[in-house]
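Colleague: I would like a close look at one part of this model. Please take the strand pairing and the side-chain contacts around it, and keep it brisk.

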Amino acid sequence: LGVGTGRLAIPIAQAGVATGVHVVGIDSSQAMLEELRAKPHGELVDTYLGHMVRDMPSGPFGVVLIAYNTLFNLLTEHEQRECLQRAAHCLTPGGHIVVDCFVPDDSLPDQLADTTHRSTSTGEILSRWKVDRESQVISGVFTQVSSNAPDISRPYSVRYATVAQVDFMAHAAGMVVEQRWSSYARDAFTDSSVRQITVYGIAPSTSS
């Protein structure tokens, strides 16, 4: 879901050629999908233009991957719940949903003025944000400042959820936690982890 330019989907499709793995990606950006298709081996990914929840392909799929905070791009709890429910409905028996997202930091200040996020070869990237605690929405802007080009601003909004909240939404969709790590290297997930990668499987009572 939210396949973008295929940074993950294309390598997965390449790795799956020998075993017959079929990769499908959906994104709401025509420009990103065009960039995906123009990449080497981009033709290995079947792409769909549309909203990743309302237009989710019906499958069936063995795995639905929701990577790099994509679940949090849905800005309400209702839409996040619907995403997991629709993903669960399009799984094959024994299928899985993989959710990859950051773990909210309770110490994050409610507001941050322009602060250096990281340096680049020609300047720096500034970050500012504001947190709405009630709706759990972070709205911010990354601004790329360069000495030889106009500033470029990239606004964003995410609706974060705690690990327990994501588990609750997955459980409501008939899924249970099977594995959880803090990285794709399968580092252990602990109370200090800043990222969760969770594999949800179909609950036994709903697998028939």
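Modeller: What follows starts at one strand and works outward through its partners and their contacts. Keep in mind that this is a predicted model.

Start with β10, residues 195–202. Is this strand enclosed or open? Seven of its eight residues are buried, so β10 is largely enclosed by the rest of the structure. Two strands pair with it. Strand β4, residues 91–102, runs antiparallel to β10, with seven bridges between them. Within β10, valine 199 is the residue opposite valine 98. The other partner is β9, again antiparallel, over six bridges. There, methionine 175 has isoleucine 202 of β10 as its bridge partner.

The loop between β9 (175–181) and β10 holds tyrosine 184. This tyrosine is partly exposed, at a relative accessible area of 42%. Tyr184 also belongs to a nonpolar surface patch, along with Leu8, Ile12, Val21 and Tyr68. Together the five have about 430 Å² of accessible area. Tyr68 has a charged neighbour as well. Arginine 7 lies over the face of tyrosine 68, 5.0 Å from the ring centre.

Back to β9, and to one of its residues, arginine 180. Which acid does arginine 180 bridge to? The partner is aspartate 167, and the closest N and O atoms are 2.5 Å apart. Arginine 180 sits in strand β9 and aspartate 167 in helix α4 (residues 163–172), so this salt bridge ties together parts that are 13 residues apart in sequence. At 22% relative accessibility, arginine 180 counts as partly exposed. The cut-off matters here: buried means under 20%, so 22% falls outside that class. Arginine 180 has an aromatic contact too. Its charged end sits over the ring of phenylalanine 189, 5.8 Å from the centre.

Now β4, on the other pairing of β10. Here we meet the aromatic pairs. A search of the whole structure finds two of them. One joins phenylalanine 72 to phenylalanine 102. The geometry is edge-to-face, with 5.0 Å centre to centre and 80° between the planes. Phenylalanine 102 is in strand β4, while phenylalanine 72 is in the loop between β3 (61–66) and α3 (77–89), so the contact ties together parts 30 residues apart in sequence. Phenylalanine 72 is buried, at 0% relative accessibility. Phenylalanine 102 is partly exposed, at 24%.

The second pair is phenylalanine 142 with tyrosine 156. Their ring centres are 5.2 Å apart and their planes are at 25°, so the pair is stacked. Phenylalanine 142 is in strand β7 (residues 137–146) and tyrosine 156 in strand β8 (residues 149–159), so this pair ties together parts that are 14 residues apart in sequence. Both rings have some exposure. Phenylalanine 142 is partly exposed at 27%, and tyrosine 156 is partly exposed at 24%.

Next, the salt bridges. Across the whole structure the search finds six. Arginine 180 with aspartate 167 is one of them. Another is arginine 133 with aspartate 110, with the closest N and O atoms 2.7 Å apart. Arginine 133 lies in the loop between β6 and β7 and aspartate 110 in the loop between β4 and β5, so the bridge ties together parts that are 23 residues apart in sequence. Arginine 133 is partly exposed, at 37%. Aspartate 110 is partly exposed too, at 45%.

Helix α3 carries a bridge of its own. Arginine 86 meets glutamate 82 there, the closest N and O atoms being 2.7 Å apart. The two residues are four apart in the helix, separated by about one helical turn. Arginine 86 is partly exposed, at 33%.

Two further strand pairings complete the tour. Strands β5 (residues 111–119) and β6 (residues 123–132) run antiparallel and share six bridges. A hairpin of three residues joins them. Leucine 112 has tryptophan 129 of β6 as its bridge partner. Strand β1 (residues 23–27) is mostly covered, with four of its five residues buried. β1 runs parallel to strand β2 (residues 45–49), joined by five bridges. Aspartate 27 stands opposite leucine 49 of β2.

Definitions and conventions
Residues are numbered from 1 along each chain as its sequence is written. This is a predicted model: local features need pLDDT of at least 70, side-chain atom pairs count only at pLDDT 80 or more; totals for chains, interfaces and linings use all residues. Side-chain values use heavy atoms; hydrogens and water are left out. Patches are made of residues with over 30% relative accessible area and no salt bridge: like charges are joined within 9 Å, nonpolar side chains (Val, Leu, Ile, Met, Phe, Trp, Tyr) within 5 Å. Accessible areas come from the Shrake-Rupley method with a 1.4 Å probe; for residues, only the protein chains shown count as cover. A salt bridge is a side-chain nitrogen of Lys or Arg within 4 Å of a carboxyl oxygen of Asp or Glu. Buried means under 20% relative accessible area, exposed over 50%, partly exposed in between (1.4 Å probe, protein chains only). Two strands pair if DSSP finds at least two bridges between them. Rings of Phe, Tyr and Trp (its six-membered ring) pair if their centres lie within 6.5 Å; planes under 30 degrees apart count as stacked, over 60 as edge-to-face and the rest as tilted. A charge sits over a ring if NZ of Lys or CZ of Arg is within 6 Å of the ring centre and within 35 degrees of the ring normal.
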